[in-house]
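Subject: Structure handover

Hello,

Here is the structure you will be working with. My notes on what turned up in it follow below.

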Amino acid sequence: MNKVQKLGCACEKPTSNYTEYRTSELGTDHSHGKNAEVSIQQCKLCQRIWIHYSIKSENLQETEKWYKGIVSKKDRSQITPENTVEFLESLEWYVFGGSYFENSVEFGQGKLNMDF
C-alpha cells in the first residue's frame with residue numbers, strides 16, 4: 001500500500017468545488033470497457049500531483065464517477081491510463097465523487113466501484 005503524507009492543503013479535503021489545479025490529459029482507459037478519461041492534476045497551492053480517473057455510464061445519461069489520488073513524482077512516470085485503477089487501489093486513501101454518488105465527495109480505500 002502506498003503511503004501518502006497529508007500536508008493539510010485544501011486539495012486533500014474531499015470537496016467538489018476545489019478548483020486550484022493545473023490539469024493535463026493523460027489519455028483514455030479502454031481496458032475496463034468504461035472509456036474512462038484519465039488526467040494529471042497539480043495543485044496550485046502545494047504543488048502535489050493527483051491522478052484523476054473519470055467514468056461515465058453509457059446507459060444512464062449524466063451519471064459520472066470519478067476517483068483521484070496523490071502521485072509521487074517518481075511514480076508519475078510509470079502511470080498510464082491502463083494501470084490507473086490498479087494504482088488508485090494501491091493507495092492508502094483516495095478521494096471519490098460524482099453524480100453517481102449524489103455529488104457527495106468522500107475518502108475511499110481499496111477497490112474502486114466500477115459498476116453502474
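I start with a tyrosine. Y67 is buried, because its relative accessibility is 2%, where buried means under 20%. One thing before going on: this is a predicted model.

**Aromatic rings**

Y67 has a ring partner in Y94. Their centres are 5.8 Å apart and their planes stand at 75°, an edge-to-face pair. The contact reaches across the chain: Y67 belongs to strand 4 (residues 64-71), Y94 to strand 5, and 27 residues separate them. Y94 is buried too, as its relative accessible area is 3%.

How are the rings of F96 and F101 arranged? Their centres lie 4.9 Å apart and their planes meet at 70°, so this pair is edge-to-face. F96 and F101 are both buried.

These rings belong together. One aromatic cluster takes in Y67, Y94, F96, Y100 and F101. In total, 8 aromatic pairs are counted in the structure.

**Charges over rings**

Two lysines come up here. K65 places its charged end over the ring of Y100, a member of the aromatic cluster. The distance to the centre of the Y100 ring is 4.0 Å. K68 does likewise with W50: its charged end sits over that ring, 4.9 Å from the centre.

**Fold and sheet**

Now the overall layout. The protein has 2 helices and 6 strands. Along the sequence they follow the pattern β-β-β-β-α-α-β-β. Of its 116 residues, 42% count as buried.

The 6 strands make an open sheet in the order 1-2-3-4-5-6, and the pairing is antiparallel. Which strands stand at the edges? They are strand 1 and strand 6; each has a single partner strand, so one side of each has no neighbour in the sheet. On average, neighbouring strands are turned by 25° against each other, with direction ignored.

Take one pairing in detail. Strand 2 and strand 3 run antiparallel and are joined by 6 bridges. I40 stands opposite I51, which is in strand 3.

**Salt bridges**

How many salt bridges does the structure hold? There are 2.

One joins the side chains of E12 and R48, at 2.3 Å from N to O. It ties together distant parts of the chain: E12 sits in the segment before strand 1 (21-29), R48 in the loop between strand 2 and strand 3, and the two positions lie 36 residues apart. E12 and R48 are both buried.

The side chains of K74 and D75 form another, at 3.9 Å from N to O. Are these two residues buried or exposed? K74 is exposed, because its relative accessibility is 63% and the cut-off for exposed is over 50%. D75 is buried, because its relative accessible area is 18%, under the 20% limit. This salt bridge therefore joins an exposed residue to a buried one.

**Backbone: two positive phi values**

Two residues other than glycine have a positive phi. Q47 has a phi near 70°. Q47 lies in the loop between strand 2 (36-43) and strand 3 (49-56). R48, of the salt bridge with E12, is in the loop between strand 2 and strand 3 as well. Q47 counts as partly exposed, because its relative accessibility is 35%.

E102 has a phi near 55°, again positive and again not a glycine. Its place is the loop between strand 5 (94-97) and strand 6 (106-108). E102 is exposed, because its relative accessible area is 73%.

**Confidence**

What does the protein average in pLDDT? The mean is 87, and 89% of the residues score at least 70. Among the elements, helix 1 (residues 73-76) has the lowest mean pLDDT, 90. Helix 2 (residues 84-90) has the highest, 96. K74 and D75, the salt-bridge pair at 3.9 Å, fall within the residues of helix 1.

Best regards

Notes
Residues numbered from 1 in each chain as written. Predicted model: local features only at pLDDT ≥ 70, side-chain atom pairs only at ≥ 80, totals over all residues. Heavy atoms only, no water. Helix = DSSP H or I, 4+ residues; strand = E, 2+ residues; numbered from the N terminus. Buried < 20%, exposed > 50% of the residue type's maximum accessible area, 1.4 Å probe, protein only. Salt bridge = Lys/Arg side-chain N within 4 Å of Asp/Glu carboxyl O. Pairing = 2+ DSSP bridges. Axes fitted to C-alpha atoms, helices over the stretch in contact; angles between N-to-C directions. pLDDT = per-residue confidence, 0-100. Phe/Tyr/Trp six-rings, centres within 6.5 Å; stacked < 30°, edge-to-face > 60°. Lys NZ or Arg CZ within 6 Å of the ring centre and 35° of its normal.
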